[in-house]
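Reader: Could you zoom in on a single helix for me and walk me through its surroundings? I'd like one connected account, please.

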Amino acid sequence: MDNASYEPAGPLVAVAASTEVMRHPEAGEHLLGPAEQQRAARFHQVSGRLDYVAAHVLVRICAARVLGVDASGLTLAQQCPDCGDPTHGKPYLPGHPDLHVSLSHTRGVVAAAAGYHPVGVDVELPTRTGTPVEVFERVLTEAEMRLVQAHPEPGRAFLRQWVRKEAMVKIGRTTLDTLGGLDLSALPLDTPGERPLRSRFTDLYLLDWQDGGQDGDGRGTGATACAVSTRAPRLATLATLAP
């Protein structure tokens, strides 16, 4: 990937292990603002705190590459539209209101996106105990349910639809209360190995990928991820995000 210029093409997206992000030459907790530091301090588990910090670092790194600046010069803010709390809600860069950003974190893995077009990103790891049927019913349409249940790996197929819908929430196309009414049954459930899958849904571009292969074979995080945007997203690695 050409490291010189990422826009005016689609948003830049990256997913990586939290520990790998914190080894990036620009990474460090010094990048976080006061509200983020307060939120990080409230995590009881070290692993959860690491994931939170790494996600907030990675989104700055992605934004820095798009803007052509140092990550240390970027301020990230959040504000809940319901309660006004500055420690959660949709992230944004106060100094760059025209740039869209999104982030996600799960157990040991984080994802981030930045670009001049609306974008949402989500990343999840398979659950160790499986997903209860009632969750399937709450999140999936009837058509999606049939496809997921007929899939050789229903849990992984469900996770594919889940990250897609979470990314749709972050871009503002649905809500957590209306996930079950968003029908993505026309989209394929499987990615081509470790290569990303590109597809369309109405006016949106989807980028789906499985980091580390279908079985999490150690060459990646084993995570299921999706980015959604009004312009085709582009997948980067930490190596291509070097300053």
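Author: Here's a walk along helix α6, its neighbour and the pocket it helps to line.

Bear in mind that this is a predicted model. Helix α6 covers residues 154-171, so to speak 18 residues in a row. From its first C-alpha to its last it reaches 26 Å, close to the 26 Å expected at 1.5 Å a residue. Most of the helix is covered, with 14 of its 18 residues buried. Right after α6 comes Gly172, and its phi is positive, near 90°.

Now for the company it keeps. Helix α5, residues 142-150, packs against α6 at an angle of about 145°, and the two axes are 7 Å apart. On the α5 side the contact is made by Glu144, Val148 and Gln149, while α6 brings Pro154, Ala157, Phe158, Gln161 and Lys165. Sorted by class, the residues of this contact come out as four nonpolar, two polar and two charged.

Then there's the pocket. α6 supplies at least two residues to the lining of the largest pocket, and so do α3 (46-67), β3 (90-92) and β4 (100-106). β4 gives the most, with five residues. The space in this pocket is about 680 Å³, and 22 residues line it. Nearest its centre lie Gly89, Lys90, Pro91, Leu103 and Lys170. As for chemistry, the lining has eight nonpolar, ten polar and four charged residues.

Terms used:
Residues are numbered from 1 along each chain as its sequence is written. This is a predicted model: local features need pLDDT of at least 70, side-chain atom pairs count only at pLDDT 80 or more; totals for chains, interfaces and linings use all residues. Side-chain values use heavy atoms; hydrogens and water are left out. Helices (H or I, at least four residues) and strands (E, at least two) are DSSP runs, numbered from the N terminus. Buried means under 20% relative accessible area, exposed over 50%, partly exposed in between (1.4 Å probe, protein chains only). On a 1 Å grid over the protein atoms alone, a cavity is a set of points where a 1.4 Å probe fits but cannot get out, and a pocket is an open set with protein on both sides within 12 Å along at least five of seven lines; lining residues have an atom within 4 Å of a point. Grid points are joined across faces, edges and corners, and a volume is the space filled by probe spheres set on the points. Ala, Val, Leu, Ile, Met, Phe, Trp, Tyr, Cys and Pro count as nonpolar, Asp, Glu, Lys and Arg as charged, and the others, Gly among them, as polar. Axes are lines fitted to C-alpha atoms, for helices over the stretch in contact, and angles run from 0 to 180 degrees between N-to-C directions. Contact means heavy atoms within 4.5 Å.
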